[in-house]
Amino acid sequence: MDLKDLYRDVILDHNKRPRNFGVLAAPAIAAQGHNPLCGDQLTIYVDLDHGTIKEVRFEGSGCAISVASASMMTEAVKGLDAAAFAALHAQIHAVLTQHDAEVPATLGKLAALGGVREYPARVKCASLSWRTLEAAIAGAGTAVTTE
Amino acid sequence: MSIAPLYDLTAIRADFPILSRPIRGRPLVYLDNGASAQRPHAVINAERRYAEESHANVHRGVHTLSQRATDAFEGARERVRRFLNARSTREIIFTRGTTESINLVAQSYARPHLQPGDEILVTRLEHHANIVPWQLVCEATGARVVVVPINDRGEVDPEDVRRLLSPRTRLLGIAHVSNALGTILPVAEMIAIAHAAGVPVLVDGAQAVPHLTIDVQALDADFYAFSGHKLYGPDGIGVLYGRESLLAAMPPWQGGGDMILHVSFEGTTYNELPYKFEAGTPHMSGAVGLAAAIDYVEAIGLSKISAWEAILLTHATERLSRIEGLRFIGTAHHKAGLVSFVVDGIHPHDLGTILDERGVAIRTGHHCAMPAIATFKVPATARASFGLYNTLDEIDALADAVVYARDLFR
Ligand SMILES: Cc1ncc(COP(=O)(O)O)c(C=O)c1O
């Protein structure tokens with residue numbers, strides 16, 4: 001195992017310069033995600049247009065894995081409807097947790113998350129933003145926690 | 001480097017089988033002793049010998065093994081009494097650990113005393129184990145938790161204790177050593193101040209017993225709690241020392257076997273101290289292992305151990321402070337052997353993963369002391385905590401790994 005497989009350049013880059021970082025004003029939906037183990041705290045804002053993600057931003061603080069995952073997610077999900085987001089989320093979940101899961105070529109940059117599965121303690125970091133956006137879309141608006 | 005401890009470090013390290021196990025293909029550098037320390041052969045063997053030669057239930061049977069088990073268990077209690085310099089074994093209660101010890105005091109001592117508006121005084125640097133049990137009894141009784149502040153070095157000023165003691169204060173709860181910041185608190189002085197106001201004091205000694213000689217009579221502590229697993233002993237066993245006059249007046253906490261003299265449906269009489277607080281079959285092999293751990297550290301000498309850990313602390317402080325962008329969290333003048341720190345641009349969680357890849361085990365997060373860490377406006381820190389077997393080379397490995405992490409994140 002090589003650290004460079006976890007901390008790929010794309011991840012380090014998104015950690016240092018997170019994309020779509022900031023808030024969206026109402027009527028955007030906000031949902032909060034929290035990882036008590038490491039203190040990661042993210043807020044995801046999403047603007048839905050008839051169920052399709054029009055705009056998404058996030059803010060908060062966290063480790064490189066959670067920040068990069070959130071940042072890459074915001075780039076990947078714009079224009080997706082709830083069903084397409086759920087399908088992508090399922091693919092990401094498999095990549096993060098299943099040792100033998102193929103990393104689909106269609107994932108693009110998100111494939112960089114493929115190194116996380118070798119570090120079970122870090123899977124929660126990578127999945128936090130996805131679970132939080134899922135909650136926002138579902139209209140839960142409640143806080144998500146990894147525990 | 002030629003500085004060495006006053007004991008044979010190579011021989012001592014050979015006593016700890018886990019220290020020679022490679023981690024991720026590299027030699028283990030174990031710097032998470034504050035979370036749990038490793039165990040020497042002496043402890044592992046004592047537990048095994050108990051299981052192989054002496055095990056039965058204590059205080060019950062007339063048969064030989066039950067007597068042997070009782071002797072071993074009560075022998076361990078006497079060993080703990082001497083370790084803490086308590087007056088009597090009636091003051092030594094075996095628990096699952098520090099957390100359970102504090103909960104026992106909260107439920108059995110504090111709860112029956114507390115009226116609405118009463119106060120429990122604790123410091124801001126406490127472990128959650130010395131915060132949440134008080135919040136629970138306060139919720140149940142209408143009392144409240146009052147907090148003694150810490151300064152920007154992570155120190156507590158005893159004068160703040162004096163200022164915050166009120167006619168409503170029913171108990172002062174203080175750590176002897178902070179697990180998150182390393183601060184050694186002036187507990188004797190704080191206890192004297194509280195006693196002058198008629199307030200009893202519980203000391204959370206979880207982080208103190210592995211490093212300092214404890215004398216509960218000299219401290220004049222009313223309650224003193226610690227865990228076996230931080231003292232190179234087994235997990236699942238800990239101690240509550242309590243002043244006999246206080247324990248005698250307290251109702252039992254849990255009911256069951258061993259804590260009774262006579263049971264009938266008309267009424268039950270409780271056993272004498274300390275058994276009144278030890279309901280159910282205790283952790284006998286754990287107590288035996290704890291006694292072996294105490295024998296082990298006392299054979300080396302706690303003053304020699306703390307002298308060596310002070311050298312490790314100085315070296316770590318010196319090496320790490322040379323790293324650009326590194327900031328220490330907790331810089332008390334009086335510190336035990338641990339360093340808590342953050343590094344610009346790297347979340348502590350990432351630091352923990354990168355260090356682990358190099359075999360260096362540290363703790364990252366809030367260390368179950370969220371209010372203490374929040375005082376420094378960080379969500380988490382990296383913490384390296386030292387034990388009697390750590391070496392200067394291991395401190396160098398820590399510093400090198402931090403530099404490596406910082407460069408990776410450049
Ligand atoms: C200062 C302090 N108090 C209490 C505890 C709780 O100890 P345990 O988990 O063994 O009950 C710890 C250990 O994490 C500690 O460091």
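**Two pockets in a predicted model**

Let me begin with the second largest pocket, where α12(B) supplies four residues, the largest share of the lining. Please keep in mind throughout that what we are looking at is a predicted model.

The space in this second largest pocket comes to about 440 Å³. Its lining is made up of 19 residues, and those closest to the centre are A121(A), H349(B), G352(B), I362(B) and T364(B). If we ask which elements give two or more residues to this lining, the answer is α12, β15 (360-361) and β16 (363-365), which belong to chain B. Sorted by class, the second largest pocket is lined by eight nonpolar, seven polar and four charged residues.

Let me turn now to the largest pocket, which holds about 550 Å³ of space. Here 27 residues form the lining, and the ones closest to the centre are V343(B), D344(B), G345(B), I346(B) and H347(B). As for the elements behind this lining, at least two residues each come from α2 (9-16), β3 (52-61) and α3 (64-77) of chain A, and also from β14 (338-343) and α12 (348-357) of chain B. Among the contributors, α2(A) gives the most to the lining of the largest pocket, namely three residues. The class breakdown for the largest pocket is 14 nonpolar, seven polar and six charged residues.

One element is worth pointing out on the screen before I stop: α12 of chain B is among those that give at least two residues to the lining of the largest pocket, and α12(B) is also the element with the largest share, four residues, in the lining of the second largest pocket.

Key: Residues numbered from 1 in each chain as written. Chains lettered and ligands numbered in written order. Predicted model: local features only at pLDDT ≥ 70, side-chain atom pairs only at ≥ 80, totals over all residues. Heavy atoms only, no water. 1 Å grid on protein atoms, 1.4 Å probe; cavity = no way out; pocket = protein on both sides within 12 Å on 5 of 7 lines; lining within 4 Å. Points joined across faces, edges and corners; volume = space filled by probe spheres on them. Nonpolar A, V, L, I, M, F, W, Y, C, P; charged D, E, K, R; others polar.
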